[in-house]
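Subject: Structure handover

Hello,

Here is the structure I promised to pass on. Please open it first, then read my notes below.

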Amino acid sequence: MALQHCWSLGYRKIIMETDFRTAKEILQDNKLNFQVYNWTKNIRKWSKKFEAVEYRWINKRSNKVADKSATSNPTRVSFLFHNYVPNNITTLLQEDYVLSHSN
């Protein structure tokens, strides 16, 4: 859904970041996992539409926004879209940015 959303907004070169190293390896065809085969097949299909898609692994300490988003979803909806940056993560975005550029 994230790829589809980026596409609909007109982005053609994107970087997908994950703090789950296995996900990056699966998406780069370095590791097989049949439990998520249909998801990865769909992701690869959408990735081909873009000029460039890069999958990056980032340390969990540099990914506070994703952690907060995943743990502050009481309804457990699989995809949330915000037209604005929620107030509870703006500080975390700054922290993630600083940490990711300090390495």
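A residue counts as buried under 20% relative accessible area, as exposed over 50%, and as partly exposed in between. W7 has a relative accessible area of 28%, so W7 is partly exposed. Please keep in mind that this is a predicted model.

**Overall layout**

The protein chain has 5 helices and 2 strands. Along the sequence they follow the pattern α-β-α-α-β-α-α. The chain has 103 residues, and 19% of them count as buried.

**The aromatic pair**

How many aromatic pairs does the structure hold? The count is 1 aromatic pair. Its partners are W7 and F50, arranged edge-to-face. Their centres are 5.4 Å apart, with 80 degrees between the planes. This pair links distant parts of the chain. W7 belongs to helix 1 (residues 2-8). F50 sits in the loop between helix 3 and strand 2. Along the chain, the two residues are 43 residues apart. W7 is partly exposed, as said above. F50 is buried, with a relative accessible area of 6%.

**Salt bridges**

There are 2 salt bridges. One joins the side chains of K13 and E51, at 3.9 Å from N to O. This pair, too, links distant parts of the chain, with the two positions 38 residues apart in the count along it. K13 lies in strand 1 (residues 13-18). E51 lies in the loop between helix 3 (37-47) and strand 2 (52-57). Both ends are exposed: K13 has a relative accessible area of 59%, and E51 has 62%.

R56 and E54 form a salt bridge as well. Here the closest N and O atoms are 2.8 Å apart. Are these residues buried, exposed or partly exposed? R56 is partly exposed, at 34% relative accessible area. E54 is partly exposed too, at 37%.

**A nonpolar patch**

Next, look at the surface. L32, F34 and Y37 make a nonpolar surface patch of about 410 Å². F34 is placed in the loop between helix 2 (21-27) and helix 3. F34 has a relative accessible area of 66%, so it counts as exposed.

**K60 and D19**

K60 is in the loop between strand 2 and helix 4 (64-71). With 59% relative accessibility, K60 is exposed. Find D19 as well. K60 and D19 are 41 residues apart along the chain. Their C-alpha atoms are separated by 5.4 Å.

**Helix 5**

Helix 5 covers residues 87-100, which makes 14 residues. From its first C-alpha to its last, helix 5 reaches 21 Å. That is close to the 20 Å expected at 1.5 Å a residue. Which residues of helix 5 are buried? They are I89, L92 and D96. Seen down the axis of helix 5, the buried residues fall within an arc of 55 degrees, so they line one face of the helix. The face turned away from this buried side carries the exposed residues N87 and T91.

**Where to start**

I would begin with W7 and F50, the edge-to-face pair. Then turn to helix 5 and compare buried I89, L92 and D96 with exposed N87 and T91.

Best wishes

Terms used. Residues numbered from 1 in each chain as written. Predicted model: local features only at pLDDT ≥ 70, side-chain atom pairs only at ≥ 80, totals over all residues. Heavy atoms only, no water. Helix = DSSP H or I, 4+ residues; strand = E, 2+ residues; numbered from the N terminus. Expected span 1.5 Å × (residues − 1). Buried < 20%, exposed > 50% of the residue type's maximum accessible area, 1.4 Å probe, protein only. Arc of directions from axis to C-beta. Salt bridge = Lys/Arg side-chain N within 4 Å of Asp/Glu carboxyl O. Patch = residues over 30% accessible without salt bridge, like charges linked within 9 Å, V, L, I, M, F, W, Y side chains within 5 Å. Areas by Shrake-Rupley, 256 points an atom, 1.4 Å probe, with all protein chains shown as cover. Phe/Tyr/Trp six-rings, centres within 6.5 Å; stacked < 30°, edge-to-face > 60°.
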